Amino acid sequence: MLQISFSADTLPQGGALAILVAEGQDASPLFKSLDDATGGAITRAAKADEFTGKDGATTVVLAPGAGFDRVVLVGVGKAEAFAPKDAEKAGGLVATALAKAEKAAVAVGALPHAAHVALGAVLGAYHFSLYHSTPTEDKAHRLASLSVLTAEPAQADSAWPALSAVARGVVLTRDLVTEPANVLNPVEFAERVSTLRSLGLDVEVLDQSAMEKLGFGALLGVAQGSDAEPRTVVMRWNGGEKDDAPLAFIGKGVTFDSGGISIKPAAGMEEMKWDMAGAATVTGLMAALAGRKAKVNAVGVIGLVENMVSGNAQRPGDVVRSASGQTIEVLNTDAEGRLVLADILWYARERFAPKLMVDLATLTGAIIVSLGHEYAGLFSNNDALAAGLTQSGEATGDKLWRMPMGKDYDALLKSDIADMKNIGGRPGGSITAAQFLKRFVGETPWAHLDIAGTAWSSKARNGQPKGATGFGVRLLNDFVQTQHEKT
């Protein structure tokens with residue numbers, strides 16, 4: 001992970017330098033010093049490129065003189081509108097522009113949120129090169145440390161430990177989502193979560209025998225076609241008052257989804273290694289809460305399975321009995337995530353009596369049809385919970401869009417031979433999936449985040465690399481911190 005330091009807003013000694021520039025504001029003293037030292041090269045480059053500080057705009061000056069390898073101007077828009085999420089975006093753009101630098105700094109000046117600029121830089125510098133056999137990839141990612149120059153270095157340094165814990169949580173999530181499925185099967189996933197005990201998390205792993213005793217018929221039905229044994233992992237962080245009900249976060253962890261006998265088309269099936277992104281987000285969130293010693297009680301429950309085709313695979317038309325006692329007719333084995341969630345949602349509710357539950361899942365392709373890759377779908381039985389999550393989504397840039405629910409959709413799940421079907425047909429596919437999940441949460445305030453369109457990005461955007469996004473870690477951390485954590 002990119003190493004961060006904070007220091008006073010003075011001109012560094014050479015290397016690569018990025019300068020954040022607000023639109024419509026006079027040049028900062030550091031900008032003027034650098035411009036003087038380079039004989040006006042920075043001003044000339046900005047003028048030639050028509051750079052005005054517009055949000056997201058960048059200008060790169062190579063070998064400008066005065067001992068600098070390159071100088072990058074990064075526009076942040078109007079200074080008065082500069083929010084933490086904007087600072088993180090700017091930091092990501094800085095990391096991208098300075099990726100090949102061995103020594104680098106970014107000048108924030110009098111702009112606020114220097115620590116959030118650092119957070120964005122850490123996430124923007126993320127790359128996964130574990131399986132490259134040559135150092136070619138690493139040459140494009142030389143940046144190992146970044147000095148953040150700010151008018152308030154002590155303030156930024158004080159804010160950084162908590163944000164650094166969040167950064168580590170996002171990086172952990174991205175690493176898990178990026179791993180290939182032949183490496184990260186349910187057993188290996190559970191073992192990696194177990195290492196988080198070093199952060200102070202209480203980690204409990206339920207094996208197949210334990211889940212059989214608990215009656216996890218829905219989850220185990222999905223897993224039965226794979227040679228990889230399933231796992232359910234429970235993570236607990238006890239940072240609040242002893243008697244406070246915990247916040248519960250639930251994650252779908254299908255480490256590979258072939259679709260089962262309702263097999264997926266071959267094209268694009270390799271992407272189904274990230275069908276465990278909901279579980280990865282819950283893991284990253286719990287690591288972040290523990291890493292920053294959050295003053296709250298929280299529990300994370302993730303169901304880990306592999307959905308494969310074999311002689312023992314679940315068949316379309318099978319009926320399974322969930323942990324709740326409700327029976328499910330499985331008409332499509334590729335609608336497996338909701339079966340996993342059905343058992344662990346019920347389990348979390350019954351065992352922990354949480355204050356609220358939020359589940360995350362790459363659940364439906366239909367949500368991508370509805371919302372594209374800009375928003376995750378939000379479904380909830382509680383208006384206050386939905387509003388709070390939406391607010392945190394706007395604050396962090398992990399945006400949510402609330403989708404409708406209602407009893408009228410339940411008719412689509414009616415089965416002739418069981419309590420319900422696991423699919424309701426193509427119309428309103430994301431909604432009927434949420435209606436299905438709602439049957440396992442009772443009266444507990446609950447929200448379902450369908451992150452199928454936001455967990456993975458096929459291209460770099462807004463200063464962040466392509467691939468696993470870590471969507472949801474910052475959102476839920478903000479939700480916990482601003483709305484539930486005791487100060």
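**Notes on the predicted model**

1. The buried residues of helix α15 are Val473, Arg474, Leu475, Leu476, Asn477, Asp478, Phe479 and Val480. Because eight of the eleven residues of this helix, which spans residues 473–483, are buried, α15 is largely enclosed by the rest of the structure. As with every point below, this should be read as a statement about a predicted model.

2. The next point concerns a sheet. Six strands form an open sheet with mixed pairing, and their order across the sheet is β1-β6-β5-β2-β4-β3. At its edges stand β1 (3–8) and β3 (58–65), each of which pairs on one side only, and from one strand to the next the twist averages 20°. Within this sheet, strand β2 (residues 15–21) and strand β4 (residues 68–75) run parallel and are joined by seven bridges; in this pairing, Ala16 stands opposite Arg70 in β4. In general, the strands of a sheet pair through backbone hydrogen bonds, in either a parallel or an antiparallel manner.

3. Two helices that pack on the sheet deserve a look. Helix α2 (residues 41–48) touches β3 and β4, and its direction makes about 145° with that of β3. Helix α4 (residues 114–124) also packs on the sheet, where it touches β1, β2, β5 (104–109) and β6 (145–150), and its direction makes about 150° with that of β1.

4. Two residues in loops around β3 have backbone angles that a reader may wish to inspect. Glu50, in the loop between α2 and β3, has a phi near 55°, which is a positive value in a residue other than glycine. Glu50 counts as exposed because its relative accessible area is 69%, the cut-off for that class being over 50%. Ala66, in the loop between β3 and β4, likewise has a positive phi, near 60°, and is a residue other than glycine. With a relative accessibility of 42%, Ala66 counts as partly exposed.

5. A search of the whole structure finds 16 salt bridges, and Lys264 takes part in the two described here. The side chain of Lys264 meets that of Asp257 at 3.6 Å, N to O, and that of Asp334 at 3.0 Å, N to O. The pair of Asp334 and Lys264 links distant parts of the chain, since Asp334 lies in the loop between β12 (327–330) and α11 (337–352) while Lys264 lies in the loop between β9 and α10, 70 residues apart. The acidic partners can be described by their accessibility: Asp257 is buried, with a relative accessible area of 2%, whereas Asp334 is partly exposed, with a value of 25%. Side chains of opposite charge can pair in this way when their charged atoms come close.

6. A further salt bridge is formed by the side chains of Asp383 and Arg402, at 2.9 Å, N to O. This pair also links distant parts of the chain, with Asp383 in helix α13 (residues 383–396) and Arg402 in strand β15 (residues 400–402), 19 residues apart. Asp383 counts as exposed because its relative accessibility is 56%, while Arg402, at 36%, counts as partly exposed. Elsewhere, Glu179, Glu188 and Arg192 are linked in a network of salt bridges.

7. On the surface, Ile261, Ile263 and Val309 make a nonpolar patch of about 260 Å². Of these residues, Ile261 is placed in the loop between β9 (247–257) and α10 (277–291), the loop that also holds Lys264. Ile261 is partly exposed, with a relative accessible area of 37%.

8. Is Thr232 buried or exposed? Thr232, which lies in strand β8 (residues 231–238), is buried, because its relative accessible area is 0% and the class requires a value under 20%. When neighbours within four places in sequence are left aside, Thr232 is in contact with Glu204, Val205, Leu206, Met211, Phe216, Leu219, Val301, Ile302, Gly303 and Ile344.

Key
Residues are numbered from 1 along each chain as its sequence is written. This is a predicted model: local features need pLDDT of at least 70, side-chain atom pairs count only at pLDDT 80 or more; totals for chains, interfaces and linings use all residues. Side-chain values use heavy atoms; hydrogens and water are left out. Patches are made of residues with over 30% relative accessible area and no salt bridge: like charges are joined within 9 Å, nonpolar side chains (Val, Leu, Ile, Met, Phe, Trp, Tyr) within 5 Å. Accessible areas come from the Shrake-Rupley method with a 1.4 Å probe; for residues, only the protein chains shown count as cover. A salt bridge is a side-chain nitrogen of Lys or Arg within 4 Å of a carboxyl oxygen of Asp or Glu. Helices (H or I, at least four residues) and strands (E, at least two) are DSSP runs, numbered from the N terminus. Buried means under 20% relative accessible area, exposed over 50%, partly exposed in between (1.4 Å probe, protein chains only). Two strands pair if DSSP finds at least two bridges between them. Axes are lines fitted to C-alpha atoms, for helices over the stretch in contact, and angles run from 0 to 180 degrees between N-to-C directions. Contact means heavy atoms within 4.5 Å.
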